[in-house]
Amino acid sequence: MEKKEFINEWTKTHTFKSVMWYLLHYVIFVVLAALLLIGDKLPNLKENLSQEGANYLYAIFSTLLLFIITYLYFFFENREMLINGKKIALLFTVLYLYLIMACLIGYQIDIYARPVAFVAMMIFVLVGRREAIFMNVICGLLVFNIDAFAMPESAVSIKECCSSLLISFTAGMFAIFFASKARSRVSIVGIGLFIVVPIDLIIALLEIPTLMEGALEGPSPWQALLTEVGYGLFGGVMSTVIFLAFLPILEWAFNCLTAFRLRELTSSDAKILKKLKAEAPGTYNHSMMVAQLAEASAAAIGENMDFARAAALYHDVGKLHYPEHFTENQGEYNLHDELTPELSADIIRSHARDGYKLIRTHHLPQFLADVALEHHGTMPIRYFYAKALKMTDGELNIEDFSYSGPKPQSKISAIIMICDAAEAAVRAANARTPEETEKAIRAVIEERMDLEQFAECDITMAELTKIRLALVNCLSGVYHHRIKYPNIKYRRTDSGTKGENE
């Protein structure tokens with residue numbers, strides 16, 4: 001879904017900037033951990049350092065190694081996470097939040113009460129599955145490193161450190177695997193209840209032997225076990241509760257597009273869509289139709305249907321600047337009859353740039369803005385180019401009558417390009433049979449292939465074929481042949497209803 005072309009343009013400047021970002025976040029992480037762990041020991045800091053200095057040094061070095069491993073992972077697997085300091089900040093902000101919760105809850109309440117699945121779920125929703133799996137492991141090791149080497153054994157035993165590491169890894173993985181099916185906040189809370197099962201099983205299996213050994217020392221060892229299990233229940237549920245609390249904040253702060261935010265952006269109450277419906281109803285109805293086609297096309301090639309639908313709904317919002325200059329919003333009078341072809345072409349192609357600016361002005365996700373800018377690529381505006389040719393004897397530069405691009409950079413941008421043109425082409429051709437519909441859609445795709453509109457995204461011929469078949473199926477069902485109803489006038493009589501032919 002996301003753009004990948006910059007991987008081939010990676011430079012030494014990118015490396016330097018990304019390394020500097022990582023070093024900055026490493027320093028922040030170490031300082032934050034130090035404040036949380038030894039902030040209350042500042043009056044006796046010198047004595048504390050003389051006793052625990054070696055352990056602190058080991059913890060700092062181990063943390064550095066984990067940060068280096070994290071950087072190398074993204075450098076070789078997903079450099080997109082390194083190209084933008086904002087995305088690096090997103091990753092480490094989630095880690096900072098968990099570090100604070102892990103220290104405050106783990107050392108003040110109980111180590112098993114930590115929201116162990118918080119990082120895994122947050123990274124999964126805001127970034128992706130692979131990144132969430134990796135960061136779940138890194139997060140578990142970072143906290144284990146702090147537990148084992150930065151805290152005295154009187155506060156956290158080595159056994160508790162190991163069990164906490166296992167619980168963190170297990171709960172995070174379960175949360176990642178099941179979060180992909182969650183489409184509501186209630187289902188997210190359900191995941192919290194589900195991950196309690198492995199958490200409490202681990203706690204019980206690890207704590208029962210110790211509690212059995214201590215049975216002679218206390219009257220109710222099982223009460224202690226139930227207490228630990230209760231803390232595990234608390235940690236599992238709080239993972240999802242805290243996740244739901246922080247998700248809207250991080251979505252807004254880092255302008256991320258998630259399934260939950262998509263619902264808000266694509267609802268009928270969304271500000272821009274509401275304005276589009278009121279001021280450009282023809283464009284709104286066209287966008288709704290393109291959204292249905294985009295969903296079907298995305299499903300056909302395994303792309304995210306929610307992203308495709310959102311991109312389709314926003315792809316033409318730039319027409320809000322001059323809605324009356326676009327055919328779907330006009331009546332019988334065409335404003336372009338009074339304009340030169342050059343001016344008309346400039347107004348028409350400006351809607352891609354205007355859409356990009358409007359989306360960014362409203363602080364909506366970059367992905368929606370990119371699709372709005374790319375969905376016409378560098379296609380010529382044929383109608384006004386042909387009109388200009390009739391009005392001049394000399395040659396015309398077709399680039400003066402073409403969209404300024406860029407070409408689609410992602411599969412979803414390519415899908416919107418095809419669906420947008422296919423819907424208009426089938427409607428304009430008055431296609432009523434599957435054969436006519438297929439012919440119109442094939443012409444749309446082939447024209448864009450001839451003009452190399454898909455050269456900068458990784459869509460394949462096989463995927464284009466699947467998209468074509470999906471669109472034929474959808475549009476055949478919309479613009480199908482209808483029977484002509486007889487013109488009969490009904491009138492009510494005392495004995496019933498009587499019809500008369502006119």
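1. A nonpolar core here means a set of buried Ala, Val, Leu, Ile, Met, Phe, Trp, Tyr and Cys residues joined through side-chain atoms within 4.5 Å. The model is predicted. Its largest nonpolar core has 78 residues. Phe-118 and Phe-243 have the most contacts inside this core. Helix H4, residues 85-108, gives the most to the core: 15 residues.

2. Now Phe-243. Neighbours within four places in sequence are left aside here. Phe-243 is then in contact with Phe-118, Met-121, Met-122, Val-125, Ile-188 and Met-238. Phe-118 thus appears both in this contact list and beside Phe-243 as a residue with the most contacts inside the core.

3. Another core lies apart from the 78-residue one. This other core has 63 residues. Among them are Val-317, Leu-364, Phe-384 and Ile-441.

4. Helix H15 covers residues 366-374. Eight of its nine residues are buried, so the helix is largely enclosed by the rest of the structure. The buried residues are Phe-367, Leu-368, Ala-369, Asp-370, Val-371, Ala-372, Leu-373 and Glu-374. Note that Asp-370 and Glu-374 are on that list.

5. What do the buried residues of H15 pack against? They pack against four helices: H10 (259-265), H13 (305-314), H14 (341-361) and H17 (411-428).

6. The surface carries a nonpolar patch. Phe-61, Leu-65, Ile-68, Leu-72 and Phe-76 form it, with about 500 Å² of accessible area together. Leu-65 is found in helix H2, residues 45-77. The relative accessible area of Leu-65 is 40%. Partly exposed covers values between 20% and 50%, so Leu-65 counts as partly exposed.

Notes
Residues numbered from 1 in each chain as written. Predicted model: local features only at pLDDT ≥ 70, side-chain atom pairs only at ≥ 80, totals over all residues. Heavy atoms only, no water. Buried < 20%, exposed > 50% of the residue type's maximum accessible area, 1.4 Å probe, protein only. Helix = DSSP H or I, 4+ residues; strand = E, 2+ residues; numbered from the N terminus. Contact = heavy atoms within 4.5 Å. Patch = residues over 30% accessible without salt bridge, like charges linked within 9 Å, V, L, I, M, F, W, Y side chains within 5 Å. Areas by Shrake-Rupley, 256 points an atom, 1.4 Å probe, with all protein chains shown as cover. Salt bridge = Lys/Arg side-chain N within 4 Å of Asp/Glu carboxyl O.
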